Amino acid sequence: MGQIIKALVAMSTSCSIPVLTSLIKLVRIHLIDEIELEGEIPRIISLLSSEDLRIRVAALECVFEIAYHGRAEVIEAMLNEGLIEKLMELQRSKYGYNLIETEQHRDNGNGVNSLDMEGENGPFAGCVARFAVQVEVGEGLTTEERNEFKKEVLRRITEASVSEAEGATIFAEVLWGFSP
């Protein structure tokens with residue numbers, strides 16, 4: 001299984017990452033443990049910085065699936081790779097909040113139609129809170145671990161915020177929920 005994981009991550013395409021995400025949904029914790037063992041967590045997180053929007057979106061879905069099924073060691077590895085900081089960058093991007101629906105954004109050349117997104121928000125809107133929810137409701141952690149990770153996520157939000165307003169907004173989303 002390790003070679004399949006390495007090959008899918010190495011391909012880093014908008015097709016290979018959804019295949020990996022589907023495998024995670026099917027196999028769950030055993031595959032996630034293999035992903036961690038093979039050292040692929042940093043590579044998956046690095047895909048969130050891809051030039052290709054489709055790869056970033058696919059990587060985000062993969063991260064959410066790992067967060068839902070992952071054990072404490074995996075979530076910790078993700079956080080240690082700077083995941084919260086990367087998610088906050090994505091949330092700040094033009095594909096985060098308040099994506100302006102103009103003709104130039106209808107098809108941005110990356111094959112992603114921004115008008116397919118809900119409301120005026122892009123695929124990365126609320127992604128920090130969405131990650132926190134996946135960890136909180138996921139299958140891989142005890143209640144105590146969930147609470148500890150929530151505190152850690154909130155601490156990292158505070159550190160990574162560019163302003164008090166941004167920090168407070170994202171902090172509130174994590175504590176009380178995100179509504180697009």
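In which helix does arginine 156 lie? Arginine 156 lies in helix α10, and this residue offers a convenient way into the structure, which is a predicted model.

Before following arginine 156 further, it is useful to view the protein as a whole. The protein contains 11 helices and zero strands. Read along the sequence, the pattern is therefore α-α-α-α-α-α-α-α-α-α-α, since a helix or a strand is a run assigned by DSSP. Of the 180 residues in the protein, 46% are buried. The surface that the protein exposes comes to about 9000 Å², and carbon and sulfur atoms supply 51% of that area. Contacts can also be sorted by how far apart the partners stand in sequence. Among contacts between residues at least 6 apart, 69% join residues at least 24 apart.

One place to examine contacts in detail is the pairing of two helices. Two packed helices are described by the angle between their axes and the distance between the axes. Helix α6 covers residues 72-80 and helix α10 covers residues 143-160. The axes of these two helices come within 11 Å and cross at roughly 5 degrees. Helix α6 is therefore roughly parallel to helix α10, because angles under 35 degrees count as roughly parallel. On the side of α6, the contact is made by Ala72, Ile75, Glu76, Leu79 and Asn80. On the side of α10, the residues are Glu145, Phe149, Glu152, Val153 and Arg156.

Arginine 156 thus returns as part of this contact. Is arginine 156 buried or exposed? Its relative accessibility is 12%, so arginine 156 counts as buried, because buried means under 20%. Leaving aside neighbours within four places in sequence, arginine 156 is in contact with Leu79, Asn80, Ile84 and Glu85. Arginine 156 also belongs to a network of salt bridges, in which it is linked with Glu152, Arg155 and Glu159.

The structure holds 12 salt bridges. One of them joins the side chains of glutamate 139 and arginine 28, at 4.0 Å from N to O. Glutamate 139 lies in the loop between α9 (127-137) and α10, whereas arginine 28 lies in the loop between α2 and α3 (29-37), so the pair ties together parts that are 111 residues apart in sequence. Both partners have an intermediate accessibility: glutamate 139 is partly exposed, with a relative accessible area of 47%, and arginine 28 is partly exposed, with a relative accessible area of 39%.

A further salt bridge is formed by the side chains of arginine 130 and glutamate 61, at 3.8 Å from N to O. This pair links distant parts of the chain, with arginine 130 in helix α9 and glutamate 61 in helix α5 (residues 53-69), 69 residues apart. Arginine 130 counts as partly exposed at 24% relative accessibility, and glutamate 61 counts as partly exposed at 39%. The side chains of aspartate 52 and arginine 54 also meet in a salt bridge, at 3.2 Å from N to O. Arginine 54 counts as partly exposed, at 36% relative accessibility.

The last feature to consider is nonpolar. Met1, Ile4, Leu26 and Val27 make a nonpolar surface patch of about 400 Å². Valine 27 lies in helix α2, which covers residues 16-27. With a relative accessible area of 32%, valine 27 is partly exposed. Valine 27 can therefore be part of a patch, because patches are made of residues with over 30% relative accessible area and no salt bridge.

Conventions. Residues numbered from 1 in each chain as written. Predicted model: local features only at pLDDT ≥ 70, side-chain atom pairs only at ≥ 80, totals over all residues. Heavy atoms only, no water. Patch = residues over 30% accessible without salt bridge, like charges linked within 9 Å, V, L, I, M, F, W, Y side chains within 5 Å. Areas by Shrake-Rupley, 256 points an atom, 1.4 Å probe, with all protein chains shown as cover. Helix = DSSP H or I, 4+ residues; strand = E, 2+ residues; numbered from the N terminus. Buried < 20%, exposed > 50% of the residue type's maximum accessible area, 1.4 Å probe, protein only. Contact = heavy atoms within 4.5 Å. Axes fitted to C-alpha atoms, helices over the stretch in contact; angles between N-to-C directions. Parallel < 35°, antiparallel > 145°, perpendicular 65-115°, else oblique.
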